[in-house]
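Student: I should like a close look at a single part of this model, namely its pockets. Please describe the space they offer and what lines them.

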Amino acid sequence: MDRFIEGVKTISRLCGIFAAGLIGVSVIVVCDMVFERYVLNLTTIWQADFVTYSLIAATFVGSPYVLMTRGHVNVDVVPLHLGMRGRYWLAVITSIVAMAFCIALAILTVLYWHEAWVNNWRSNTIWRARLWIPYSAMPIGLVLLTLQYVVELVCVVTGRERPFGLKDEGNAA
């Protein structure tokens, strides 16, 4: 089990690095787009699509890393007012519900990606990007996010981590 947990956490870290790289490249492409359009007076063809698709991919693919590091918006009001047993059950229930949601979305996005692949969908812009490529970030990110939720749940259930990262009654980690 430890190998599985460490493997998923390593993949989540790599996803975070990849997402950060996509954001960095997007910033550079935006700068290029501004330079080409306003300094060189050229038309921009691919830049807007690339940035849009890259930022969406960064959001989906980076989500397992965000969950692993607890970087998401977190409301600790309820867990702070519960005892350790209440926190435990709240963490278990919310993880299961979140996993179910991610599984449902992953299935739907796989179907959507597959439709784009089979029908050779392309963007409606001059670039005519093959949409299965950017759409693949959705199922990939959601499957990896689901795996990270499995790890979070296993770590709480087996006592490897405290629910919500809270150490003891009312003290945040």
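Tutor: The answer below takes the two pockets in turn and then turns to one helix that contributes to both linings. This is a predicted model, in which local features need pLDDT of at least 70 and side-chain atom pairs count only at pLDDT 80 or more, while totals for chains, interfaces and linings use all residues. Residues are numbered from 1 along each chain as its sequence is written, and side-chain values use heavy atoms, with hydrogens and water left out.

A pocket here is an open set of points on a 1 Å grid over the protein atoms alone, where a 1.4 Å probe fits and protein lies on both sides within 12 Å along at least five of seven lines; lining residues have an atom within 4 Å of a point. Volume is the space filled by probe spheres set on the points, which are joined across faces, edges and corners.

The largest pocket holds about 440 Å³ of space. Its lining has 17 residues, and those nearest the centre are Leu67, His72, Thr94, Tyr149 and Phe164. Helices are DSSP runs (H or I, at least four residues) numbered from the N terminus. At least two lining residues come from each of α2 (47–68), α4 (84–118) and α6 (137–157), and α4 provides the largest share, five residues. By class, ten lining residues are nonpolar, five polar and two charged; Ala, Val, Leu, Ile, Met, Phe, Trp, Tyr, Cys and Pro count as nonpolar, Asp, Glu, Lys and Arg as charged, and the others, Gly among them, as polar.

The second largest pocket has a volume of about 300 Å³. It is lined by 17 residues, with Tyr53, Ser54, Ala57, Ile133 and Pro134 closest to its centre. Here α1 (2–39), α2, α5 (132–135) and α6 each supply at least two residues, and α2 gives the most, with five. This lining comprises twelve nonpolar, two polar and three charged residues.

The helix α6 therefore merits a separate word, because it supplies at least two residues to the lining of each pocket and its length can be checked. The expected span of a helix is 1.5 Å times one less than its number of residues; for the 21 residues of α6 this gives 30 Å, and the end C-alpha atoms are 30 Å apart, which agrees. Of these 21 residues, 16 are buried (under 20% relative accessible area, with a 1.4 Å probe and protein chains only), so α6 is mostly covered. After α6 comes glycine 159, whose phi is positive, near 80°.

Terms used
Buried < 20%, exposed > 50% of the residue type's maximum accessible area, 1.4 Å probe, protein only.
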